[in-house]
Amino acid sequence: MNKLTSVDELKHAALEIRKNLLNLCSKQTIHIGGDLSIADVMTVLWQYQMNYNPHDPLDEGRDRFILSKGHASAVMSFNQAAIGCFDSNDVIKEYASDEGRFSMHSCKLINPYVEFSTGSLGHGFPVACGIAAGLRLKDNLTSRVYVVMGDGEQSEGSVWEASMNAVHYKLGNLVAIVDNNGLEADGKIEDITGLGNLADKYRAFGFRVCELDGNDIAKIKNQFDNLPSPDSDIPTVLICHTVKGKGISFMENQARWHAGKITEEQLKLCIKELESGAK
Ligand SMILES: Cc1ncc(C[n+]2csc(CCOP(=O)(O)OP(=O)(O)O)c2C)c(N)n1
């Protein structure tokens, strides 16, 4: 497919992703809260930013994407569908079925467009760092590695071991993205394992740190447009301030909607709310 280039096109694309997510959520339980919070970033990443050819998913020159918060597999699958990896109706039909290509957590064994299977928090980010280091060893100085983590995921020690290594190995080809929605599965991050000032923490480790509204398409696009060159020496982290459940008023900022299923009646209300918000 042709890449989307304008903010308006990307806003429309993000609306379509949200509609697909809610539709799927009316069929079965998905991790809807964290899918919706990161939907705008994922849309700009997959439909504008990444160098990725769905007809050649193993092309050496591709950008790599790791969904470290692997439970948000639905928002990734719908973005892959949007760029032509498969049909979005396939995602709705096959998601979490025994024979399907799409599971509750991102799985490489059944979906060939998944770079690395994830779901156990704290694993994807270290792997992304390893892939970024490996690209350097292979003299690939043009590909980037993008990795999306949750803010609850930041309490995994492996995130900080990997951060030290990312800086030590000068992985300027690494772009870490934190979905900073303030909620975990059961409650507020600050009540479970408070993160303090996350930007200062990454800065102290030696990252280039950018903070932004992660539900603002224009701001997200702008951050991607201004990334340092992939052959540079300092890894980037984008701390994206987002709203869990973004776009659906009864889900926003509610830990109860970390995962769940909606009724057909609720689906109609959700679609109406999304469409009225888009005007
Ligand atoms: C190692 C590990 N521990 C626990 C879980 C169960 N779990 C799944 S999602 C989740 C909450 C994650 O919160 P966050 O990273 O903030 O994700 P988001 O709110 O963006 O969905 C937890 C604890 C897991 N998947 N992996």
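Two residues count as being in contact here if their C-beta atoms, placed from the backbone, lie within 7 Å. On that footing, of the contacts in the protein chain between residues at least 6 apart in sequence, 77% join residues at least 24 apart. The structure is a predicted model.

As for overall build, the protein chain comes to eleven helices and five strands. Its radius of gyration is 17 Å, close to the 19 Å that the globule rule gives for 279 residues, so the chain is as compact as a globular protein of that length. Taken along the principal axes, the C-alpha atoms fill a box of roughly 50 × 45 × 40 Å. Buried residues account for 47% of the 279 residues.

Next comes the nonpolar core. In soluble globular proteins, nonpolar side chains tend to be buried together. The largest nonpolar core in this model has 71 residues, and the members that touch the most others are L21, V75, A128, V147, L174, A176 and I177. Helix α1 (residues 7-25) supplies the largest share of this core, with eight residues. A closer look at A176 gives a feel for the packing: leaving out residues up to four places away in sequence, A176 touches F125, V147, M149, P235, T236 and V237. V147 and A176 are thus in contact, and both belong to the group with the most fellow core members around them.

The strands come next, starting with β2 (residues 145-150). All six of the six residues in β2 are buried. Both of its faces are covered, with V145, V147 and M149 on one side and Y146, V148 and G150 on the other. Strand β3 (residues 174-180) is likewise mostly covered, with seven of its seven residues buried. From β3, L174, A176, V178 and N180 point one way, while V175, I177 and D179 point the other way, and all are buried. So much for the faces; the edges tell how the strands line up. β2 and β3 run parallel and are joined by six bridges. Two of the pairings involve M149, whose bridge partner in β3 is V178, and G150, whose bridge partner in β3 is D179. β2 also pairs with β1, again in the parallel sense, over four bridges. In that pairing, R64 stands opposite V145 of β2.

Two helices are worth a look for how well they are covered. In α3 (39-49), eleven of the eleven residues are buried. That list takes in nonpolar residues such as V41, M42 and W46, along with D40, T43 and Q47. Helix α4 (residues 73-82) is in a similar position, with ten of its ten residues buried. Among them are V75, M76 and F78, and also S73, N79 and Q80. What covers the buried residues of α4 includes α1, α2 (32-37), α3, β1 (64-67) and α5 (88-94). Just after α4, G84 takes a positive phi of about 105 degrees.

Not everything is tucked away, and two residues show the middle ground. N23 sits in helix α1. It has 18 C-beta neighbours inside 10 Å, so N23 counts as partly exposed, given that a residue needs 20 or more to be buried. Leaving aside residues up to four places away in sequence, N23 touches I92 and L267. N23 and L45 are 22 residues apart in sequence and 22 Å apart in space, C-alpha to C-alpha. R62, found in the loop between α3 and β1, is also partly exposed, because 18 other C-beta atoms lie within 10 Å. Apart from its neighbours within four places in sequence, R62 is in contact with N51, Y52, N53 and S143. R62 and V243 are 181 residues apart in sequence and 30 Å apart in space, C-alpha to C-alpha.

Finally, the ligand. Its surroundings consist of 20 residues, of which the closest are G34, L121, G150, G152 and E153. The largest share of this shell, three residues, comes from α2. By class, the shell has three nonpolar, eleven polar and six charged residues. G150 links this site to the strands described above: this residue is among the closest to the ligand, is buried in β2, and has D179 as its bridge partner in β3.

Methods. Residues numbered from 1 in each chain as written. Predicted model: local features only at pLDDT ≥ 70, side-chain atom pairs only at ≥ 80, totals over all residues. Core = buried A, V, L, I, M, F, W, Y, C linked by C-beta atoms within 7 Å. Buried ≥ 20, exposed ≤ 12 C-beta atoms within 10 Å, placed from the backbone. Rg over C-alpha atoms; globule rule 2.2 N^0.38 Å. Near = placed C-beta within 6 Å. Nonpolar A, V, L, I, M, F, W, Y, C, P; charged D, E, K, R; others polar. Pairing = 2+ DSSP bridges.
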